[in-house]
Amino acid sequence: MSAKTDFHTRLNRTRFLTLTGLMTALTCIIGPLSLPLPVSPVPITLTNFAVYMAVYVLGLRDGTISCLIYLCLGAAGLPVFSAFSGGLAKLAGPTGGYLIGFFFLALVQGSFMRGFPGKNTAAIAGMILGTTVCYFFGTLWLAWQMGLSFGAALAAGVIPYLPGDGVKIAAAALIGPKLQAAVRKAFV
(Lines give C-alpha, C1' and ligand atoms only; values in the text may rest on other atoms or scores of the structure.)
Protein backbone atom coordinates (compact mmCIF):
# COMPACT_ATOMS: atom_id res chain seq x y z
CA MET A 1 0.00 0.00 0.00
CA SER A 2 1.41 3.35 -0.96
CA ALA A 3 1.74 6.22 1.48
CA LYS A 4 -0.94 8.16 -0.42
CA THR A 5 -3.41 5.24 -0.29
CA ASP A 6 -2.67 4.65 3.39
CA PHE A 7 -3.33 8.33 4.13
CA HIS A 8 -6.68 8.23 2.30
CA THR A 9 -7.67 5.04 4.11
CA ARG A 10 -6.90 6.63 7.49
CA LEU A 11 -8.73 9.82 6.45
CA ASN A 12 -11.83 7.84 5.42
CA ARG A 13 -11.73 5.83 8.64
CA THR A 14 -11.39 9.03 10.68
CA ARG A 15 -14.24 10.64 8.75
CA PHE A 16 -16.44 7.58 9.30
CA LEU A 17 -15.72 7.48 13.03
CA THR A 18 -16.19 11.21 13.49
CA LEU A 19 -19.44 11.55 11.57
CA THR A 20 -20.93 8.32 12.88
CA GLY A 21 -20.02 9.35 16.42
CA LEU A 22 -21.56 12.79 15.96
CA MET A 23 -24.81 11.49 14.52
CA THR A 24 -25.05 8.78 17.19
CA ALA A 25 -24.47 11.46 19.83
CA LEU A 26 -27.22 13.60 18.30
CA THR A 27 -29.62 10.65 18.52
CA CYS A 28 -28.55 9.97 22.11
CA ILE A 29 -29.08 13.62 23.05
CA ILE A 30 -32.51 14.17 21.53
CA GLY A 31 -33.82 10.59 21.83
CA PRO A 32 -34.51 10.80 25.58
CA LEU A 33 -36.51 14.01 25.24
CA SER A 34 -40.10 12.84 25.26
CA LEU A 35 -43.62 13.96 25.86
CA PRO A 36 -45.93 11.28 27.28
CA LEU A 37 -49.48 11.07 26.01
CA PRO A 38 -52.23 10.08 28.45
CA VAL A 39 -53.90 7.88 25.81
CA SER A 40 -50.85 5.80 24.94
CA PRO A 41 -47.81 4.09 26.47
CA VAL A 42 -45.82 5.43 23.50
CA PRO A 43 -44.38 8.92 24.10
CA ILE A 44 -43.74 11.57 21.47
CA THR A 45 -39.99 11.72 20.77
CA LEU A 46 -37.62 13.19 18.23
CA THR A 47 -35.72 9.93 17.78
CA ASN A 48 -37.12 9.26 14.32
CA PHE A 49 -36.10 12.80 13.30
CA ALA A 50 -32.55 12.05 14.50
CA VAL A 51 -32.54 8.85 12.44
CA TYR A 52 -33.77 10.75 9.37
CA MET A 53 -30.94 13.25 9.78
CA ALA A 54 -28.31 10.57 10.42
CA VAL A 55 -29.22 8.82 7.18
CA TYR A 56 -29.17 12.11 5.26
CA VAL A 57 -25.67 12.87 6.53
CA LEU A 58 -24.18 9.39 6.62
CA GLY A 59 -26.02 7.45 3.93
CA LEU A 60 -27.34 3.89 4.02
CA ARG A 61 -24.48 1.96 5.61
CA ASP A 62 -23.16 4.49 8.09
CA GLY A 63 -26.61 5.85 8.99
CA THR A 64 -27.77 2.33 9.79
CA ILE A 65 -24.60 1.71 11.81
CA SER A 66 -25.24 4.93 13.75
CA CYS A 67 -28.77 3.74 14.56
CA LEU A 68 -27.46 0.32 15.59
CA ILE A 69 -24.89 1.93 17.91
CA TYR A 70 -27.67 4.03 19.48
CA LEU A 71 -29.74 0.88 20.09
CA CYS A 72 -26.75 -0.97 21.56
CA LEU A 73 -25.95 1.93 23.89
CA GLY A 74 -29.54 1.95 25.09
CA ALA A 75 -29.62 -1.84 25.45
CA ALA A 76 -26.44 -1.63 27.53
CA GLY A 77 -28.32 0.58 29.98
CA LEU A 78 -27.33 4.10 28.99
CA PRO A 79 -30.31 6.46 29.39
CA VAL A 80 -30.70 7.27 25.69
CA PHE A 81 -34.24 6.03 25.15
CA SER A 82 -37.39 8.04 25.87
CA ALA A 83 -37.66 9.64 29.30
CA PHE A 84 -33.93 9.01 29.86
CA SER A 85 -34.39 5.26 30.11
CA GLY A 86 -32.28 2.39 28.87
CA GLY A 87 -31.65 -1.31 29.26
CA LEU A 88 -32.91 -4.54 27.80
CA ALA A 89 -36.16 -4.18 29.75
CA LYS A 90 -36.98 -1.07 27.70
CA LEU A 91 -36.37 -2.99 24.47
CA ALA A 92 -38.56 -5.82 25.76
CA GLY A 93 -41.27 -3.41 26.95
CA PRO A 94 -44.29 -2.05 25.06
CA THR A 95 -42.25 0.45 23.02
CA GLY A 96 -39.42 -1.95 22.15
CA GLY A 97 -40.83 -2.70 18.70
CA TYR A 98 -40.65 0.96 17.76
CA LEU A 99 -37.06 1.15 18.98
CA ILE A 100 -36.07 -1.87 16.89
CA GLY A 101 -38.09 -0.39 14.04
CA PHE A 102 -35.71 2.59 13.91
CA PHE A 103 -33.06 0.23 12.52
CA PHE A 104 -35.38 -0.71 9.64
CA LEU A 105 -36.33 2.93 9.16
CA ALA A 106 -32.65 3.72 8.56
CA LEU A 107 -32.30 0.79 6.14
CA VAL A 108 -35.34 1.75 4.10
CA GLN A 109 -34.62 5.48 3.95
CA GLY A 110 -30.97 4.82 3.14
CA SER A 111 -31.90 2.34 0.40
CA PHE A 112 -34.16 4.88 -1.27
CA MET A 113 -31.48 7.55 -1.04
CA ARG A 114 -28.83 5.21 -2.44
CA GLY A 115 -31.10 4.07 -5.26
CA PHE A 116 -31.98 7.64 -6.26
CA PRO A 117 -29.01 9.81 -5.23
CA GLY A 118 -29.68 13.52 -4.98
CA LYS A 119 -33.46 13.07 -5.30
CA ASN A 120 -35.15 14.56 -2.26
CA THR A 121 -38.47 13.02 -3.30
CA ALA A 122 -36.85 9.58 -2.97
CA ALA A 123 -35.57 10.50 0.49
CA ILE A 124 -39.07 11.61 1.48
CA ALA A 125 -40.57 8.39 0.10
CA GLY A 126 -37.90 6.45 2.02
CA MET A 127 -38.71 8.29 5.25
CA ILE A 128 -42.44 7.64 4.80
CA LEU A 129 -42.01 3.96 3.95
CA GLY A 130 -39.33 3.52 6.63
CA THR A 131 -41.60 5.09 9.22
CA THR A 132 -44.40 2.78 8.09
CA VAL A 133 -42.12 -0.25 8.59
CA CYS A 134 -41.06 1.10 11.99
CA TYR A 135 -44.72 1.53 12.94
CA PHE A 136 -45.53 -1.99 11.77
CA PHE A 137 -42.90 -3.53 14.07
CA GLY A 138 -43.90 -1.24 16.91
CA THR A 139 -47.61 -1.92 16.54
CA LEU A 140 -47.16 -5.70 16.42
CA TRP A 141 -44.97 -5.60 19.53
CA LEU A 142 -47.25 -3.19 21.38
CA ALA A 143 -50.30 -5.36 20.60
CA TRP A 144 -48.54 -8.49 21.85
CA GLN A 145 -47.11 -6.83 24.97
CA MET A 146 -50.37 -5.20 26.03
CA GLY A 147 -52.84 -7.85 24.83
CA LEU A 148 -54.42 -5.48 22.31
CA SER A 149 -55.83 -6.13 18.88
CA PHE A 150 -53.73 -4.81 16.01
CA GLY A 151 -56.32 -2.08 15.42
CA ALA A 152 -56.29 -1.00 19.07
CA ALA A 153 -52.49 -0.94 19.10
CA LEU A 154 -52.54 1.09 15.88
CA ALA A 155 -54.96 3.56 17.48
CA ALA A 156 -52.77 3.87 20.59
CA GLY A 157 -49.30 3.74 19.07
CA VAL A 158 -49.56 5.22 15.58
CA ILE A 159 -52.61 7.34 14.80
CA PRO A 160 -51.93 10.11 17.36
CA TYR A 161 -48.37 10.49 16.05
CA LEU A 162 -49.00 10.83 12.32
CA PRO A 163 -49.33 14.65 12.20
CA GLY A 164 -46.12 15.13 14.20
CA ASP A 165 -44.26 12.64 12.08
CA GLY A 166 -45.41 14.46 8.97
CA VAL A 167 -43.88 17.63 10.40
CA LYS A 168 -40.64 15.78 11.25
CA ILE A 169 -40.40 14.35 7.73
CA ALA A 170 -41.01 17.79 6.22
CA ALA A 171 -38.37 19.35 8.50
CA ALA A 172 -35.88 16.59 7.66
CA ALA A 173 -36.57 17.07 3.94
CA LEU A 174 -35.77 20.78 4.29
CA ILE A 175 -32.79 20.55 6.65
CA GLY A 176 -31.29 17.22 5.55
CA PRO A 177 -30.01 18.21 2.09
CA LYS A 178 -28.46 21.42 3.47
CA LEU A 179 -26.77 19.57 6.31
CA GLN A 180 -25.63 16.83 3.94
CA ALA A 181 -24.08 19.42 1.59
CA ALA A 182 -22.36 21.23 4.46
CA VAL A 183 -20.90 18.02 5.85
CA ARG A 184 -19.67 16.87 2.43
CA LYS A 185 -18.07 20.27 1.86
CA ALA A 186 -16.35 20.14 5.25
CA PHE A 187 -15.13 16.55 4.95
CA VAL A 188 -14.24 16.24 1.27
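Which residues does Asp-165 touch, not counting residues up to four places away in sequence? In this predicted model, Asp-165 touches Asn-48, Thr-131 and Tyr-135. The legends below begin with this residue and then turn to other sites.

**View 1. Asp-165 and its surroundings in helix H7.**
Asp-165 belongs to helix H7, which covers residues 162-187. With a relative accessible area of 6%, Asp-165 is classed as buried, because buried means under 20% relative accessible area. Its side chain makes a polar contact of 2.8 Å with the side chain of Asn-48. Asn-48 is also one of the residues that Asp-165 touches beyond four places in sequence, together with Thr-131 and Tyr-135.

**View 2. The salt bridge between Lys-168 and Asp-165.**
Side chains of opposite charge can pair when their charged atoms come close. The side chains of Lys-168 and Asp-165 meet in a salt bridge, with 3.2 Å from N to O. Both residues lie in helix H7, and the three residues of separation amount to about one turn of the helix. Lys-168 is buried, with a relative accessible area of 12%, and Asp-165 is buried as well, at 6%. The search of the whole structure finds two salt bridges; the view that follows presents the pair formed by Arg-61 and Asp-62.

**View 3. The salt bridge between Arg-61 and Asp-62.**
Here the side chain of Arg-61 meets that of Asp-62 in a salt bridge, at 2.6 Å from N to O. Is Arg-61 buried or exposed? Arg-61 is exposed, with a relative accessible area of 52%. Asp-62, in contrast, has a relative accessibility of 9% and counts as buried. This salt bridge therefore joins an exposed arginine to a buried aspartate.

**View 4. Thr-24 within helix H1.**
Thr-24 is located in helix H1, which comprises residues 3-30. Its relative accessibility is 5%, so Thr-24 counts as buried. A polar atom of the Thr-24 side chain lies 2.7 Å from the backbone oxygen of Thr-20. When neighbours within four places in sequence are left aside, Thr-24 is in contact with Ser-66, Ile-69, Tyr-70 and Leu-73.

**View 5. Gly-31 in the loop after helix H1.**
Gly-31 sits in the loop between H1 and strand S1, the latter being residues 34-35. Its relative accessible area is 0%, and Gly-31 is accordingly buried. Residues up to four places away in sequence are not counted among its neighbours here; Gly-31 touches Thr-45, Thr-47, Tyr-70, Val-80, Phe-81 and Ser-82. For one of these, Val-80, the C-alpha atom is separated from that of Gly-31 by 6.0 Å, although the two residues are 49 residues apart along the chain. Tyr-70 appears both in this list and among the contacts of Thr-24.

**View 6. Cysteines without a disulfide.**
The count of disulfides comes to zero. Cys-28 is in no disulfide, and the nearest cysteine sulfur, belonging to Cys-67, is 10 Å away. For Cys-67, the closest cysteine sulfur is that of Cys-134, and because the distance is 8.6 Å, the two are too far for a bond. A disulfide would require sulfur atoms within 2.5 Å. Cys-28 is buried at 16% relative accessibility, and Cys-67 is buried with a relative accessible area of 4%.

**View 7. A nonpolar surface patch.**
Phe-136, Phe-137, Leu-140 and Phe-150 make a nonpolar surface patch of about 350 Å². Which helix gives the most to the nonpolar patch? Helix H5, spanning residues 120-146, does so with three residues. Phe-136 has its place in helix H5. The relative accessibility of Phe-136 is 43%, so this residue counts as partly exposed.

**View 8. Arg-114 in helix H4.**
Arg-114 is part of helix H4, which contains residues 96-115. Arg-114 is exposed, with a relative accessible area of 57%. Along the chain, Arg-114 and Ala-76 are 38 residues apart, and their C-alpha atoms are separated by 31 Å.

Technical notes
Residues numbered from 1 in each chain as written. Predicted model: local features only at pLDDT ≥ 70, side-chain atom pairs only at ≥ 80, totals over all residues. Heavy atoms only, no water. Patch = residues over 30% accessible without salt bridge, like charges linked within 9 Å, V, L, I, M, F, W, Y side chains within 5 Å. Areas by Shrake-Rupley, 256 points an atom, 1.4 Å probe, with all protein chains shown as cover. Salt bridge = Lys/Arg side-chain N within 4 Å of Asp/Glu carboxyl O. Helix = DSSP H or I, 4+ residues; strand = E, 2+ residues; numbered from the N terminus. Buried < 20%, exposed > 50% of the residue type's maximum accessible area, 1.4 Å probe, protein only. Polar contact = N/O pair within 3.5 Å; in protein donor to acceptor, adjacent residues only side chain to side chain. Contact = heavy atoms within 4.5 Å.
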